[in-house]
Amino acid sequence: MTEGTTSAAAEGADALTRLEQEGEIAADYLEGLLDIADLDGDIDMDVEADRASVSIISDTGGRDLQKLVGRDGEVLEALQELTRLAVHRETGDRSRLMLDIAGYRAKKRTELSELGAKAAAEAKSSGEPVKLRPMTPFERKVVHDAVKAAGLRSESEGEEPQRFVVVLPA
């Protein structure tokens, strides 16, 4: 191994350790929250796409956990921000941690990927840009990735909270 390769490997290991630490801090915070709310749930931690990923899952179907998702994921978004703040308080670093509760984000990711693929197909066949409804940053990112996978380009337009994706024809 050369010095540069060793250094890159060490940086990668350091980044993985830091992301695992973020996951541990987030898990502790969320376990406390579940205890306060008297809700049952198991915490699953992972590192995906250079960010910590924490999921709260339930063996009982997760109906109680739906309270933590809220309407259209609004409570989930707020809990994600609070969890990121808890990580920031402990580490001093900004966190890009992703939180999923009862599989809500995983299901949403599948739906949005399909929407992005359909919009890309429509833009290809019509030759016209396709504008989608306003979305959260998470939703837009998933759609952008699906459009890119379909071989087209997309852009976000508008101001929050009315920011939306436009799929551009080739």
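pLDDT is the predictor's confidence in each residue, from 0 to 100. This is a predicted model: local features need pLDDT of at least 70, side-chain atom pairs count only at 80 or more, and totals for chains, interfaces and linings use all residues. Residues are numbered from 1 along each chain as its sequence is written, and side-chain values use heavy atoms, leaving out hydrogens and water.

**Exercise 1. State the average pLDDT of the protein, then find the elements with the lowest and highest means.**

Step 1. The average is 92, and 94% of the residues score at least 70.
Step 2. Elements are DSSP runs numbered from the N terminus: helices (H or I, at least four residues) and strands (E, at least two).
Step 3. Helix α1 has the lowest mean, 86. Strand β6 (residues 164–168) has the highest, 98.
Step 4. Where pLDDT is low, predicted coordinates should not be read in detail.

**Exercise 2. Describe the largest nonpolar core and place Leu-68 in it.**

Step 1. Such a core is a set of buried Ala, Val, Leu, Ile, Met, Phe, Trp, Tyr and Cys residues joined through side-chain atoms within 4.5 Å. Buried means under 20% relative accessible area, exposed over 50%, partly exposed in between (1.4 Å probe, protein chains only).
Step 2. The core has 17 residues. Those with the most contacts inside it are Ile-56, Leu-68, Leu-99 and Ile-101.
Step 3. At least two residues each come from α1 (3–37), β2 (51–57), α2 (66–69), α3 and β3 (98–101). The largest share, four residues, is from α1.
Step 4. Now take Leu-68, setting aside neighbours within four places in sequence. Its contacts (heavy atoms within 4.5 Å) are Leu-34, Leu-39, Val-75, Leu-76, Leu-79 and Ile-101.
Step 5. A second, separate core has 15 residues, including Ala-123, Val-130, Leu-132 and Phe-138.

**Exercise 3. Is Leu-115 buried, exposed or partly exposed, and what does Leu-115 touch?**

Step 1. Leu-115 is found in helix α4.
Step 2. Its relative accessible area is 29%, so Leu-115 is partly exposed.
Step 3. Not counting residues up to four places away in sequence, Leu-115 touches Leu-132 and Met-135.
Step 4. Val-142 lies 27 residues from Leu-115 along the chain. The C-alpha atoms of this pair are 9.6 Å apart.
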